[in-house]
Amino acid sequence: MRIRTHTNPFNYFTRMESLDFSTVLPHFSGTFDFEVGFGRGLFIRHYATMFPERSIVGIEVRKNPVELLKIKLKKEAIKNAYVIHGTAEICLADMIPDGSLNRVFIFHPDPWFKKRHHKRRVINPKFLVQLRPKLAPNATLYVSTDVAPLWDSMEETILDSGYFNTIEDPVFWETCYLTNWQAFSKRDQRTTYFGTYQLRHEENSH
Ligand SMILES: C[S@@+](CC[C@H](N)C(=O)[O-])C[C@H]1O[C@@H](n2cnc3c(N)ncnc32)[C@H](O)[C@@H]1O
């Protein structure tokens with residue numbers, strides 16, 4: 001059995017300095033992709049290598065994996081990925097400019113399976129209200145989980161927000177999706193649930 005310690009993002013309040021992302025991302029064009037809760041960062045490394053012309057920023061609340069990923073990115077000379085230690089909520093509020101996110105990735109976000117922890121879930125109505133102004137026109141949101149009740153709640157919350165339409169992007173899921181948690185799920189033969197959503201046309205003009 002794997003024993004993991006979880007950092008509760010809601011006990012984390014450190015405010016963040018704003019950052020001019022063009023100083024840390026060589027191809028920065030004003031918009032970028034964003035991964036919430038990257039864990040060990042397998043996806044970020046894979047995605048940044050697959051798409052050298054895109055820029056990806058990742059946020060993770062556990063400090064150790066952030067430091068380890070920084071070392072790996074440097075060693076592998078991956079320059080189009082930038083990773084930040086902190087919570088997604090504070091990062092969105094303090095660092096992410098309005099209209100700047102093209103693709104948002106939230107994979108296996110919640111270690112909180114228990115019902116009494118449901119308020120800690122990353123994808124909640126307040127989070128989506130916070131995320132929406134940060135999205136670029138036609139932005140896409142990619143989410144996954146291997147916990148069936150969490151999947152129901154994630155999908156319902158996203159669609160109930162009224163900001164997104166469900167779309168299909170099988171190529172993404174077949175070729176880009178690679179995470180540590182996905183590997184554990186595969187090994188333990190758990191079903192993974194995937195969702196792809198696009199900002200609704202009416203929302204683009206907000
Ligand atoms: C179950 S792990 C999955 C990691 C990775 N996405 C994967 O698929 O392998 C969830 C990760 O999200 C992080 N996390 C959870 N809530 C977060 C938040 N609000 N802000 C930043 N990171 C968060 C946790 O610290 C943890 O590393």
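A residue counts as partly exposed when its relative accessible area falls between the buried limit of under 20% and the exposed limit of over 50%. Asp188, at 37%, is therefore partly exposed, and Arg190 lands in that class too, with a relative accessible area of 33%. The model discussed here is a predicted one.

Asp188 and Arg190 make a good place to start with the charged side chains. The two form a salt bridge in which the closest N and O atoms are 3.1 Å apart. Nor do they stand alone: Asp146, Arg187, Asp188 and Arg190 are linked in a network of salt bridges. Over the structure, the count comes to 12 salt bridges.

Helix H2, which spans residues 63-75, supplies further examples, with Glu67 taking part in two pairings. One is with Lys63, where the closest N and O atoms are 3.8 Å apart; these residues are four apart in the helix, so about one helical turn separates them. The other is with Lys70, again at 3.8 Å from N to O. Here the spacing is three residues, which also puts about one helical turn between Lys70 and Glu67. As for accessibility, Glu67 is partly exposed at 31%, Lys63 is partly exposed at 49%, and Lys70 is partly exposed at 39%.

Turning to the rings, a search of the whole structure finds 25 aromatic pairs. Among them is Tyr163 with Phe164: the ring centres are 6.4 Å apart and the planes meet at 65°, so the pair is edge-to-face. Both of these residues are buried. Phe172 and Trp173 also pair edge-to-face, with 5.1 Å from centre to centre and 90° between the planes, and both Phe172 and Trp173 are buried. This second pair belongs to a wider aromatic cluster made up of Phe43, Tyr47, Phe51, Phe105, Phe107, Tyr142, Phe172, Trp173, Tyr177 and Phe194.

Charge and ring come together as well. Arg103 has its charged end over the ring of Phe51, 5.7 Å from the ring centre, and Phe51 is one of the cluster members. Likewise, the charged end of Arg132 sits over the ring of Tyr163, 5.7 Å from its centre.

Finally, a polar side chain turns up in a loop. Asn124 lies between strand E4 (101-107) and helix H4 (125-131). Its relative accessible area is 15%, which is under 20%, so Asn124 counts as buried. The side chain of Asn124 reaches into the helix that follows, coming to 2.8 Å from the backbone nitrogen of Phe127.

Technical notes: Residues numbered from 1 in each chain as written. Predicted model: local features only at pLDDT ≥ 70, side-chain atom pairs only at ≥ 80, totals over all residues. Heavy atoms only, no water. Buried < 20%, exposed > 50% of the residue type's maximum accessible area, 1.4 Å probe, protein only. Polar contact = N/O pair within 3.5 Å; in protein donor to acceptor, adjacent residues only side chain to side chain. Phe/Tyr/Trp six-rings, centres within 6.5 Å; stacked < 30°, edge-to-face > 60°. Lys NZ or Arg CZ within 6 Å of the ring centre and 35° of its normal. Salt bridge = Lys/Arg side-chain N within 4 Å of Asp/Glu carboxyl O.
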